[in-house]
Each structure stands twice: as structure tokens, then as C-alpha cells.
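Here's a walk through one model, from the overall build down to a couple of side chains. Have the coordinates open in your viewer as you read.

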Amino acid sequence: MTKQGIMIYNPISQRMCIASAEYRYDLHCGDCIQIHIDGKWVETRLEMRWPGGEWYLVGLPDIDIVGARVRM
């Protein structure tokens, strides 16, 4: 894993990104990431519902991704 931080929405690029004190890394549909849930890292993939532009994690439909601890 090379990038780790908090998932936020970047309104300039209109993408979700991994943000830390050192960087912001824009994500794309299909990017494989890990999300920290209940003390464990869970593998998933970032996608966007269309129409509507709602970002979600495959297999984790009820997870609020904004503010989540993630890595890739």
C-alpha cells in the first residue's frame, strides 16, 4: 500500500480522493482500495452510480465513505 488517509470529495476534480497531511490523491471508478472497518482492513472497489453521480464501495452499500479511513 502506498497511499493512506481519509476519503474526501474533491469538488475541483469532482472525484473522491485519499487525503492526508502530505497529499490528496484523486480516485477513479474501478480503483481497488481497502477501507478500515471495525479494526480490520476490508478490500473493495470504488464505483459511481449513474445517473446521479453517487460514489459507493462495491459490496459495502451502507458504508458512508466520506471521512472513512482508506488505503491503496
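What follows goes from the whole chain to the sheet, then to the strand pairs and two residues.

## The chain as a whole

First things first: this is a predicted model. The protein chain has seven strands and zero helices, so if you read along the sequence you simply get β-β-β-β-β-β-β.

How does the radius of gyration fit with a compact globule? For 72 residues, a compact globule would come in near 11 Å, and the protein chain has 11 Å, so the two agree. Along the principal axes, the C-alpha trace spans about 35 × 25 × 20 Å. The accessible surface of the protein chain comes to about 4700 Å², with 50% of that belonging to carbon and sulfur atoms. Buried residues account for 29% of the 72. As for contacts between residues at least 6 apart in sequence, 40% of them join residues at least 24 apart.

## One open sheet

The seven strands make up an open sheet in the order β3-β2-β1-β7-β4-β5-β6, and the pairing is antiparallel. Which strands stand at the edges? Those are β3 (24-26) and β6 (54-57); each has a single partner strand, so one side of each is left without a neighbour in the sheet. From one strand to the next, the twist averages 45°.

As a bit of background, strands of a sheet pair through backbone hydrogen bonds, either parallel or antiparallel.

## How β7 fits in

In the strand order, β7 sits between β1 and β4. On the β1 side, residues 4-10 of β1 pair with residues 69-71 of β7 in the antiparallel sense, over three bridges. One bridge to look up is that of Q4, whose partner in β7 is R71.

On the β4 side, two bridges join β4 to β7, again running antiparallel. Here I35 stands opposite V70 of β7.

## The β4-β5 hairpin

Strand β4 (residues 32-37) and strand β5 (residues 40-49) run antiparallel and are joined by six bridges. H36 is a handy marker, as it stands opposite W41 in β5.

What does the hairpin have between its strands? There are two residues there, and D38 takes a positive phi near 50°. That's one to pick out if you plot the backbone torsions.

## Two buried polar residues

Is N10, in strand β1, buried or exposed? The relative accessibility of N10 is 12%, and since the cut-off for buried is under 20%, N10 counts as buried. The side chain of N10 makes a polar contact with the side chain of S13, at 3.4 Å. Leaving out residues up to four places away in sequence, N10 touches R15, C17 and D26. D26 belongs to the edge strand β3 (24-26).

T44 is found in strand β5 and is buried too, with a relative accessible area of 8%. What does the side chain of T44 reach at 2.7 Å? The answer is the backbone oxygen of V58. Setting aside neighbours within four places in sequence, T44 is in contact with D31, C32, I33, I35, L57, V58 and L60. Among them, I35 is the residue that stands opposite V70 in β7, while L57 falls in the edge strand β6 (54-57).

Notes
Residues are numbered from 1 along each chain as its sequence is written. This is a predicted model: local features need pLDDT of at least 70, side-chain atom pairs count only at pLDDT 80 or more; totals for chains, interfaces and linings use all residues. Side-chain values use heavy atoms; hydrogens and water are left out. Two strands pair if DSSP finds at least two bridges between them. Helices (H or I, at least four residues) and strands (E, at least two) are DSSP runs, numbered from the N terminus. Axes are lines fitted to C-alpha atoms, for helices over the stretch in contact, and angles run from 0 to 180 degrees between N-to-C directions. Buried means under 20% relative accessible area, exposed over 50%, partly exposed in between (1.4 Å probe, protein chains only). A polar contact is a pair of N or O atoms within 3.5 Å; within protein, one must be able to donate a hydrogen and the other to accept it, and residues adjacent in sequence count only if both atoms are side-chain atoms. Contact means heavy atoms within 4.5 Å. The radius of gyration is taken over C-alpha atoms; the globule rule is 2.2 Å times the number of residues to the power 0.38. Accessible areas come from the Shrake-Rupley method with a 1.4 Å probe; for residues, only the protein chains shown count as cover.
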